[in-house]
Amino acid sequence: MCVLATGMAFLAVPASALTCSPREVRSLFEYEEQTQIILDVEAAMARAQAMHGVIPKEAALDISGKARSALVPEAAFDAEYDVVNHRMVALLNVWRESLDDAGDQYVHFGATTVDIYGTATIIQAERSLNALDDCLATTIETMSSLAEAHAQTPMIGRTLGQHAQPITFGKKVSVWIGEYARHRERLSEVRARLRRSAILKGAVGNYSGLGDEAIAVEQSFAAELGMDTPYAADWNGTRDVLAEYALTLALIARSHQRIGQELFLLQGTDIGEVREAEPEGTVGSSSMPHKRNPRAPERLVHAGRTIPRLAEVMLDDVVNLFERDNTSRMTPVIEEIAVDSVAAARTLNTLLAELEVDEARMMANINLTRGFALSQRVAFALADHMPREEAEALVKKVIKAAYANGTDFASALKAENRVTTHLSPARIDALLDPAQIEAPAIEQVERVVREAAAKGDQP
């Protein structure tokens, strides 16, 4: 950490904060990679069918060996799609030109397009979730560095928009760490359900047309894709796991929004406790040169508004018609919510890694109430010498007199005989020193950081 002469502190940007890239997630849904995923699904199905004697092994070898997106060029696919107006048929027609007779005869054997594309979408969702989880691991790493650096940096705690009691900036960040650790737990739970959602159940979800070995084929199919044992029940008419995936991303986006909004407020002119980094050449305002406008916090607030709206679309998709409705077009929504979620996580990571913390301004803001924010400490100290209710009443009386006389809390306390009978001037000064952080408060931050690190080390 580097501390500036003004009391402003900032952390070096970890390289991992910048590796959270929405481009990688976006590529999952672009033609080449999406086509490759679909071909991988078809090849896994062929290998599973051959394993159980449903199709010849030479057919599975040919299909698997030629499951390459380069054999289905986008221009050829587009031309064929213009004729047949069906994505799977267009893909198969182009791909079949590269297959031998055996492969040509048995590719997509007994399958339904919904299962192939459904499984491909599950794969895309899981891979995007894995990318987001990596982003959140970096988020927690960055937050932990920030919390450790400021475990003893006093700032005012605020409740209902008012000054309450001093906390530390490390404590504030530790709350975020706990929240994002829980988000990673949620992602793990969703991942487990996605990994059981490879599907090969036929046109109406009862294995019709897939032969007597259909259930065994489906299980082998999932294993060939590196996924877990599929759910026995058909999910194509419910899509609750995909809705859960989207809703979890929405909850994470809300967390981004709350942190962004708080950092937006904390860097306002009237508070000024933190500052977003301003890259060289950045223009704060076209007409007011003095302004240094928040940018990343605005993007986080926007993500917190838009990502939950996309999740609502996925939630609506749970309400379908009969066995297998195909009117939702869920993949484009998953693409948008996945890309936007990783982009928002990257914005947060960069913001936190480059955040400037003005420790001097934090202390100055604590002192705006002339020491009254430490009133609870004084009341507790006096309660060692008199009934608690009497101690609290005495402190309230001193505060009222201090407000009336325009004096600070320390002076008012030292002028009250019933206080100085029990508390020396030095004791009063120590009680009103925001830099005197109680041990449990420091330990709390340290525990949160340790626990998050321990969870991060788990496979």
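This is a short talk through selected features of one protein structure, going from its strands and loops to its charged pairs, its rings and a patch on its surface.

Good morning, everyone. Before anything else, please keep in mind that what you have in front of you is a predicted model, and that residues are counted from 1 along the chain.

Let me begin with the strands. Strand β3, which covers residues 154-159, and strand β4, which covers residues 162-168, run antiparallel and are joined by five bridges. If you would like one concrete contact to look for, find M155, whose bridge partner in β4 is I167. The two strands form a hairpin with two residues between them, and in that turn L160 has a positive phi of about 55°. As a general remark for anyone following the side chains here, those of a regular strand alternate between the two faces of the sheet.

That brings me to backbone angles elsewhere in the chain. R239, which is not a glycine, has a positive phi near 55°, and this arginine sits in the loop that runs between α9 (214-224) and α10 (240-266). Is R239 buried or exposed? With a relative accessible area of 3%, R239 is buried, since the cut-off for that word is under 20%. R370 likewise has a positive phi near 55° without being a glycine, and its place is the loop between α13 (359-366) and α14 (375-382). For R370, however, the relative accessibility is 32%, so this residue counts as partly exposed.

Let me turn now to the charged side chains. How many salt bridges does the structure hold? There are 21 salt bridges, and I will take you through a few of them. In the pair formed by E389 and R388, the closest N and O atoms are 3.7 Å apart. E389 is exposed, at a relative accessible area of 52%, whereas R388, at 45%, is partly exposed.

A second pair is D429 with K414, where the closest N and O atoms are 2.8 Å apart. Because D429 belongs to helix α18 (residues 425-431) and K414 to helix α16 (residues 409-414), this salt bridge ties together parts that are 15 residues apart in sequence. D429 is partly exposed, with a relative accessible area of 39%, and K414 also counts as partly exposed, at 34%.

The third pair lies within a single helix. The side chains of E451 and R447 meet in a salt bridge of 3.4 Å, taken from N to O, and both residues belong to helix α19 (residues 439-457), where they are four residues apart, or about one turn of the helix. E451 has a relative accessible area of 42% and is therefore partly exposed, and R447, at 43%, falls into the partly exposed class as well. Besides such pairs there is also a network, in which D62, K66 and D100 are joined by salt bridges that share partners.

Next come the aromatic rings. The count of aromatic pairs comes to six, and ring pairs link Y31, F77 and Y81 into a cluster. A charged side chain also meets a ring in this model, for R87 lies over the face of Y117, at 4.1 Å from the ring centre.

On the surface, which residues make the nonpolar patch of about 330 Å²? The patch is made by L247, L315, V318 and V319. One of these, L315, lies in helix α11, which spans residues 296-316, and at 40% relative accessibility L315 counts as partly exposed.

I would like to finish with distances between residues that are apart along the chain. L200 lies in the loop between α8 (169-194) and α9, and at 2% relative accessibility this leucine counts as buried. L200 and A410 are 210 residues apart in sequence, and from C-alpha to C-alpha they are 75 Å apart in space. A344, by contrast, is found in helix α12, residues 330-353, and is buried as well, with a relative accessible area of 6%. Its C-alpha atom is separated by 9.6 Å from that of I252, although A344 and I252 are 92 residues apart along the chain.

That is the end of my tour, and I am happy to go back to any of these places on the screen.

Methods: This is a predicted model: local features need pLDDT of at least 70, side-chain atom pairs count only at pLDDT 80 or more; totals for chains, interfaces and linings use all residues. Side-chain values use heavy atoms; hydrogens and water are left out. Rings of Phe, Tyr and Trp (its six-membered ring) pair if their centres lie within 6.5 Å; planes under 30 degrees apart count as stacked, over 60 as edge-to-face and the rest as tilted. A charge sits over a ring if NZ of Lys or CZ of Arg is within 6 Å of the ring centre and within 35 degrees of the ring normal. Patches are made of residues with over 30% relative accessible area and no salt bridge: like charges are joined within 9 Å, nonpolar side chains (Val, Leu, Ile, Met, Phe, Trp, Tyr) within 5 Å. Accessible areas come from the Shrake-Rupley method with a 1.4 Å probe; for residues, only the protein chains shown count as cover. A salt bridge is a side-chain nitrogen of Lys or Arg within 4 Å of a carboxyl oxygen of Asp or Glu. Buried means under 20% relative accessible area, exposed over 50%, partly exposed in between (1.4 Å probe, protein chains only). Two strands pair if DSSP finds at least two bridges between them.
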